[in-house]
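Student: Could you walk me through reading a few features of a model like this one? Let's have it in front of us.

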Amino acid sequence: MEPKVLHLIPPGKIKCYITDKLRRETAEEHVRQRWARSLVEDYGYPKTDIGLNVTIPMGRARKYADLVVFRPGAPHTADAAVIILETKRDDERPTHGQRGVEQLKSYMFASSCRYGMWVGLERLAFQREPDTNEITKVGDIPRFGQDEPKPPKRTDLKPANELSSVFRRCHNYIYARAGLQPDQAFYELVKLIFCKAFDEEEGADRLAFAVLAREQKSVSGLRRLLEDRLAPLFARVVDRYPFIFDADERIKLDPRVVAYIVHELQYISLRETNEDVKGAAYEELVGANLRGDRGQYFTPRNVCDMAVEMVMELYPEHKLTSLKVVDCCCGTGGFLVSWLNHLYRTIAEQERRRMGDEAMARFRLREACERNLYALDIDAHLVRTAQMNLVLHGDGSSNVFRADSARSPGEWPDDAGQKIPWGEADIVLTNPPFGGNAKIDDSHILAQYELRGWERRNPRSSLPAEELFVEGAMRFLKPGGHLAIVLPRGILNNPKKTRFIRHWLLERSVIVASIDLPPTTFKASGGVPNPSLLIVQKFTRTEMADARRGIFDRSYRVFMAAPETSGITNRKKPLYLRAPNGHYQTDTSGRRIVDDQVSVVAASSRRWLRGY
């Protein structure tokens, strides 16, 4: 369903969440608007009690606070302020003299407010003691209806509308305070995210993943948080996921750092947060810390979703939970997560029709994924990252293995060779490594591939990985199975160099769809400038027997599309829909609509398949 357009926003402007008026668009204004939304949707304050650019008298000077929460129904003046927020760019440090936390404290002294929050590179909350007028650091500001910040009960948890900035602040805090490299900070943060998710799923009504304000003020309180609550909680996580965490693994962070992360996450319900919100946050976190140096380029979610939706449409709904799905170059698990998310929506709809509940839908999803979702990658860090990604989205994580999928199963580690259904998969979804060092010249490996000598008098001494993986991915499929693979466009249209690959494919499969993706598709991850998506169906045994006799049915139709936009610009910035006069178009929530033609290809394919 297309989003409803309410009105247009001129370039250089942004719609204010509180007032609905247009404001000048800046990086700092975006942060302020995110926190204005959070004050209402996460903290529960009415819009009518929130003001922007509120005057704070300071002697003869007049200063302006970014966001102020006032007493219910009170006039929007400094003497009615309850909470003041100063919102800065994501790279602004709290120690900045004129724009750091001292600015916020001066506003708190000059007004009646008891609580303040400074947001930039970090999120810092403060409380002014009414008796001494002293300003001290606390973990958070109070929610609506509370006199002071309190740890959440299970019923207080709410889905997040935006997680990327939260994860980014947490990671930056660990990186700055713990002296760890970015990838090490990433894994320590993931441990705490796992604790949070596990506590939501398995914990008691009194959550272990929570911290009291007074605990943050004492060494003994911080030790209680880490040693008495989080360490046992993480031990249970390790016990649940032994294929992700080593048995002796521990949380390797200072208690003060741990308390900061807990305070950032404790009110969020990861379980109920929209999958797209979680996916975007996790992707950003991964992309900032795990760079592909073997030609791995992480597949954008819109491409994963498009491929998954198109392949799912080829099967009846009742068969989806029994299909064996493999990604032989899984990277961070984007294709698998997309399959999992779409499968959950199907199962949840089935349960609604049967008068079932969400718990049953999630149980069926986990069972289907643990039985039928498989993945391989040669990079150990990416295997672990993919496992974590799947856990956060519903599971299937136990079937992700480290192995070189260009080799045959006999050369894989035993656990992978025994579990991956080589030659038995119904569906393969994959994005093989492109270019760079991704070239295979091992003669023992090449000797096992037909493409090495296809239409060639002398066998090839090497092949780019993306070319070899066309055949390699097909080897995972059963007869009649489907492959969706991301490839450089040259493989599909180079008149001479890669013609042999197309000939090989046409004698092994039926072409289902060919999508020329926009040049900007992989801009954020640094991939090839001219990508494409190819979907084929491997010949059945009967079709293969006919092919050996030179009999081919070429009467089938092929779906083709060439979307022009992918939601991102050449400068790696979001691309938004504009009206003919250049103004931005917005949806029913006032948010700009991303200009992403890739995301509508699957719907066009569905209509094409159904003949309308």
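The dialogue below goes through a sheet, its helices, a buried charge and two backbone angles.

Tutor: This is a predicted model, so local features need pLDDT of at least 70 and side-chain atom pairs count only at pLDDT 80 or more, while totals for chains, interfaces and linings use all residues. Residues are numbered from 1 along each chain as its sequence is written, and side-chain values use heavy atoms, with hydrogens and water left out.

Student: What is the strand order of the open sheet of six strands?

Tutor: Strands (E, at least two residues) and helices (H or I, at least four) are DSSP runs, numbered from the N terminus, and two strands pair if DSSP finds at least two bridges between them. Here the order is S4-S5-S6-S7-S8-S9, with mixed pairing. Strand S4 (50-58) and strand S9 (135-138) are the edges, each pairing on one side only. Neighbouring strands are turned by 35° against each other on average, direction ignored.

Student: In which sense do S5 and S6 pair?

Tutor: Strand S5 (residues 61-70) and strand S6 (residues 81-87) are antiparallel, over four bridges. Look for Val69, which stands opposite Ile83 in S6.

Student: Which strands does helix H1 lie across?

Tutor: Axes are lines fitted to C-alpha atoms, for helices over the stretch in contact (heavy atoms within 4.5 Å); angles run from 0 to 180 degrees between N-to-C directions. Helix H1 (residues 27-41) lies across S4, S5, S6, strand S7 (115-119) and strand S8 (123-128), at about 40° to S5. Helix H2 (residues 101-109) lies across S4, S5, S6, S7, S8 and S9, at about 25° to S8.

Student: Is Asp596 buried or exposed?

Tutor: Buried means under 20% relative accessible area, exposed over 50%, and partly exposed in between (1.4 Å probe, protein chains only). A salt bridge puts a side-chain nitrogen of Lys or Arg within 4 Å of a carboxyl oxygen of Asp or Glu. Asp596 is buried yet has no salt bridge; Arg301, the nearest side chain of opposite charge (Lys and Arg positive, Asp and Glu negative, His and the chain ends not counted), is 8.8 Å away. Asp596 lies in the loop between strand S20 (584-585) and helix H18 (601-610). A polar atom of its side chain is 3.1 Å from the backbone nitrogen of Val598.

Student: What is the phi of Asn53?

Tutor: Asn53, in strand S4, has a positive phi of about 50° although it is not a glycine. Asn53 counts as partly exposed because its relative accessibility is 34%. Asn133, in the loop between S8 and S9, also has a positive phi, near 65°.

Technical notes. A polar contact is a pair of N or O atoms within 3.5 Å; within protein, one must be able to donate a hydrogen and the other to accept it, and residues adjacent in sequence count only if both atoms are side-chain atoms.
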